[in-house]
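Student: I would like to take a close look at one part of this model, namely the paired strands and the loop that follows one of them. Could you guide me through that part slowly, and then show me where else the backbone does something unusual?

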Amino acid sequence: MGREDVIAFWFGEPDEITPDFIRQAGIDALNAGETFYTQNLGIPDLRETIAAYVTELRTPVSPEEVAATNSGMSALMLATQALVGPGDRVVIVTPLWPNLAEIPKIMGAQVVTVPLHFNSEGWRLDLGLLTDSLTPNTRALYINSPNNPTGWTLAPSERDVIASHCRKYGIWVLADDAYERLYYSDTPSERAAPSFMDVREPDDRIVCANTFSKSWLMTGWRLGWIVAPKPLMVSLSKLIEYNTCCAPGFVQRAGIAAIRHGEPVVARTLERFRFARDTLLHRLRAMPGVEAAVPPGAMYAFFRVKDMSNSMDFCKRMVREFGLGLAPGAAFGPEGEGYLRWCFASSAQRLEQGMARFEKALNAMPSHR
């Protein structure tokens, strides 16, 4: 758009580089010659490391229930390819990251949306509406918690009702747990957001997709994983072969280092983002015409701007005239119109610069609001 001074908060990406010990693990693997194909489901060391991590964090998981993937995004696509076909009925909770909302449509599924509702206290799920939508002919439920873009996080009581309902009708649950460690609980023992993995029973149809991108600052490495019932692993292995063959071996070695030695990174990242969240939300909530709630999870503020009817036009004008990049709410489905998404995974200095530009934009654009 002809500007080189844009301060961008539209990407869901931390602004810090990957920690040195993770990068060094990848470098060491390259220097050791790990440049060949690996097993479709991932090298045994990584599958064992992920299984041990999930077991310690959630519930017992075996390496045979784990598949390493080329990114969390690929994990979601692979799981959908394994579960969903043309005409299948799929329910998703919205607003939602557009990639996840579109994936079942690519497979020809009929997608039914259940919207979250916003008020000054935050985003809320209409549990009755969701369970009513989960009819016996529903193939799968897609749920992202903590949620991109709203930060909404599934409560344990809601999760238990949904899990029981899906269990009753044999509905698959595809849980996108990308932000599970970015959960701003005031209880130190709660190291992660509530997950369907916490209540998984042996015969449950639960598939959880995850990523190294957010918690370990590894967006560019493109490494993720799937935890799924063992019978699904045969299909997933074939699908990985037909899609990408395997994740690079040296990237998998970096993933092992991240999990085994990265808890201090996760803790520091969480507290850094908590400070950024509180700083940004305090400022936004004080601005006239802005309605914002403090998100309990993820790394986004998803807030309403009074009388804004076209979030895409609003965002384009902010870039052109004020050098500020935010994501338009309409990108996350029709329920997102009237809102903006601000990724606060950023330094205090950049946030301060961004907030000053946003306040200037609001003051200069009253007619557009």
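Tutor: What follows is a walk through one strand pair, then the backbone of several loops, and at the end the largest pocket.

Please keep in mind that this is a predicted model. Begin with strand S3, which covers residues 89-94, and strand S4, which covers residues 110-115; the two run parallel and are joined by six bridges. One residue to find here is Thr-94, whose bridge partner in S4 is Pro-115. Between the two strands the chain passes through helix H4, residues 98-106, and the β-α-β crossover that results is right-handed.

Now stay with Thr-94, since the peptide bond that joins Thr-94 to Pro-95 is cis, with an omega of about 0°. Pro-95 itself belongs to the loop between S3 and H4. As a general background, most peptide bonds are trans, and most residues other than glycine have a negative phi. With that in mind, you can look for a cis bond elsewhere, and you will find one from Ser-145 to Pro-146, where omega is near -10°. Pro-146 is placed in the loop between strand S7 (138-144) and helix H6 (156-169).

The phi angle deserves the same care. Arg-222 is not a glycine, yet its phi is positive, at about 55°, and this residue sits in the loop between S9 and strand S10 (224-227). Its relative accessibility is 33%, so Arg-222 counts as partly exposed. Asp-307, also a residue other than glycine, has a positive phi near 65°, and its place is the loop between strand S12 (300-305) and helix H10 (311-322). Asp-307 counts as exposed because its relative accessible area is 59%, where the cut-off for exposed is over 50%.

Finally, turn to the largest pocket, which has a volume of about 480 Å³. It is lined by 24 residues, and those closest to its centre are Gly-12, Met-73, Trp-97, Tyr-179 and Lys-214. Helix H3 (72-83) and strand S9 (206-211) are the elements that give two or more residues to this lining. Sorted by class, the lining of the largest pocket consists of 12 nonpolar, seven polar and five charged residues.

Terms used
Residues numbered from 1 in each chain as written. Predicted model: local features only at pLDDT ≥ 70, side-chain atom pairs only at ≥ 80, totals over all residues. Heavy atoms only, no water. 1 Å grid on protein atoms, 1.4 Å probe; cavity = no way out; pocket = protein on both sides within 12 Å on 5 of 7 lines; lining within 4 Å. Points joined across faces, edges and corners; volume = space filled by probe spheres on them. Helix = DSSP H or I, 4+ residues; strand = E, 2+ residues; numbered from the N terminus. Nonpolar A, V, L, I, M, F, W, Y, C, P; charged D, E, K, R; others polar. Pairing = 2+ DSSP bridges. Right-handed = clockwise from strand over helix to strand, strands pointing away. Buried < 20%, exposed > 50% of the residue type's maximum accessible area, 1.4 Å probe, protein only.
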